[in-house]
Amino acid sequence: MSSGRPHPAQVLLSNMASAILAGDFARAAENADLAFARGIRHPILFKARGLHFDSLGRYTDALANFEEARRLDPRDIVVLDGIAISLARLGDFASALATLDASLAIDSARSATHYLRGWVLESHGDDIKAARAAYLRTLELQPGHIGSMSGLAAIAVREHNWPEARANAEIILAGDPNHVTAHVAMASAEIEDRQFADAERRLRKLLERAANMPLHVRAVVNGLLADALDGQD
C-alpha cells in the first residue's frame with residue numbers, strides 16, 4: 001500500500017525547480033548534484049548547473065551543461081537562451097545569434113529572447129540598427145522592460161543622440177535610482193550639454209554607491225568623471 005509520500009527524486013526535482021524560479025542557482029545546483037548521485041538524469045539537472053556556472057562566470061562549464069540539457073530537450077527555450085548567453089560571453093556572437101533565432105522559431109513572442117538578441121547585437125557592435133529593433137520589439141511585448149530601456153540608452157549615447165539618452169535614463173531612474181547604465185547615459189548627456197558640475201556630482205555618488213561595480217564599468221565612469229573635471233578646468 002502506498003504511503004502517499006512523494007518519491008525522493010520528485011522532491012529533488014521540485015526543490016530544484018523552486019530554487020531556479022527563486023533565482024537561487026547555488027541551491028538548485030546542490031539539488032542537481034544530489035540527483036546525479038542518485039542516478040537521476042533529467043534536463044533540468046543540467047539546466048540548474050548551467051545557470052549556477054553562469055552566475056559564477058564559468059561560461060565554458062555553463063555552456064557544456066546547457067548543451068547537455070538541449071540534447072535531452074531540444075525545445076526548452078530557457079536552455080536555448082542559456083546557450084546563447086554562454087556563447088556570447090565566450091565571444092562567439094554568430095553562434096549565439098543563431099541559437100536565439102532557433103529559440104524565436106519556437107516562440108516568436110518571448111520578450112526575454114528578443115531582449116537577449118538586442119544585447120548580443122549591441123555587444124557585438126556590428127548591427128546597432130538591429131539591436132535597437134530587438135529592444136523595441138521587447139518593449140512592445142513587455143512594456144517598461146528595464147534591460148531594453150538601458151540598451152536603448154546605451155545606443156543613444158553611442159550615436160550621440162543626447163535627447164533620447166536623457167529620456168530613457170530618466171524613465172529608468174524613476175524606477176531604479178541606482179541603475180548604473182542610466183546614470184552613465186545621463187552623465188554623458190550632461191557633459192555634452194556642458195553641465196559639468198552636475199555630471200561630476202552624479203558620477204561621484206555613483207562610485208560611492210556601486211562598490212561592486214565591474215572594473216570595465218568603473219573605468220568608463222572614471223573616464224567620464226575626468227571629462228567632467230576637465231570641463232571645469
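## A tour of salt bridges and cores

Start by selecting Asp198, which is partly exposed, with 33% relative accessible area. Keep in mind as you click around that this is a predicted model.

Now add Arg201, the salt-bridge partner of Asp198; their closest N and O atoms sit 2.3 Å apart. Arg201 is partly exposed too, at 46% relative accessible area. Show the cartoon for helix H12 (residues 196–209): the two residues are three apart in that helix, so about one helical turn separates them.

That pair is one of 15 salt bridges in the structure. Next up is a pair that reaches across the chain.

Select Asp76 and Lys47, whose side chains meet in a salt bridge at 2.9 Å, N to O. Colour the helices here: Asp76 is in the loop between helix H4 (59–72) and helix H5 (77–89), while Lys47 belongs to helix H3 (residues 43–55), so this bridge ties together parts 29 residues apart in sequence. Are these two buried or exposed? Asp76 has 14% relative accessibility and counts as buried. Lys47, at 13%, counts as buried as well.

Move on to Asp81 and Arg110, another salt bridge, with 3.0 Å between the closest N and O atoms. Asp81 is in helix H5, and Arg110 is in the loop between helix H6 (93–106) and helix H7 (111–124); the pair links distant parts of the chain, 29 residues apart. Switch on a surface and look at each partner: Asp81 is buried, with a relative accessible area of 3%, whereas Arg110 counts as partly exposed at 25%.

For something beyond a simple pair, select Arg41, Glu68 and Arg71 together. Salt bridges link these three residues in a network.

Time to leave the charges and look at the nonpolar side chains. In soluble globular proteins, such side chains tend to be buried together.

Which residues have the most contacts inside the largest nonpolar core? Select Met16, Ile20, Leu45 and Val120: they are the ones, in a core of 51 residues. Zoom in on Leu45 and show its surroundings. Leaving aside residues up to four places away in sequence, Leu45 touches Leu13, Met16, Ala32, Ala35, Phe36 and Ile40. Met16, then, turns up both as a contact of Leu45 and among the residues with the most contacts in the core.

For the last stop, select Val184, Ile191, Met213 and Ala228. These residues are among the 14 that make up a second, separate core.

Methods:
Residues numbered from 1 in each chain as written. Predicted model: local features only at pLDDT ≥ 70, side-chain atom pairs only at ≥ 80, totals over all residues. Heavy atoms only, no water. Salt bridge = Lys/Arg side-chain N within 4 Å of Asp/Glu carboxyl O. Helix = DSSP H or I, 4+ residues; strand = E, 2+ residues; numbered from the N terminus. Buried < 20%, exposed > 50% of the residue type's maximum accessible area, 1.4 Å probe, protein only. Core = buried A, V, L, I, M, F, W, Y, C linked by side-chain atoms within 4.5 Å. Contact = heavy atoms within 4.5 Å.
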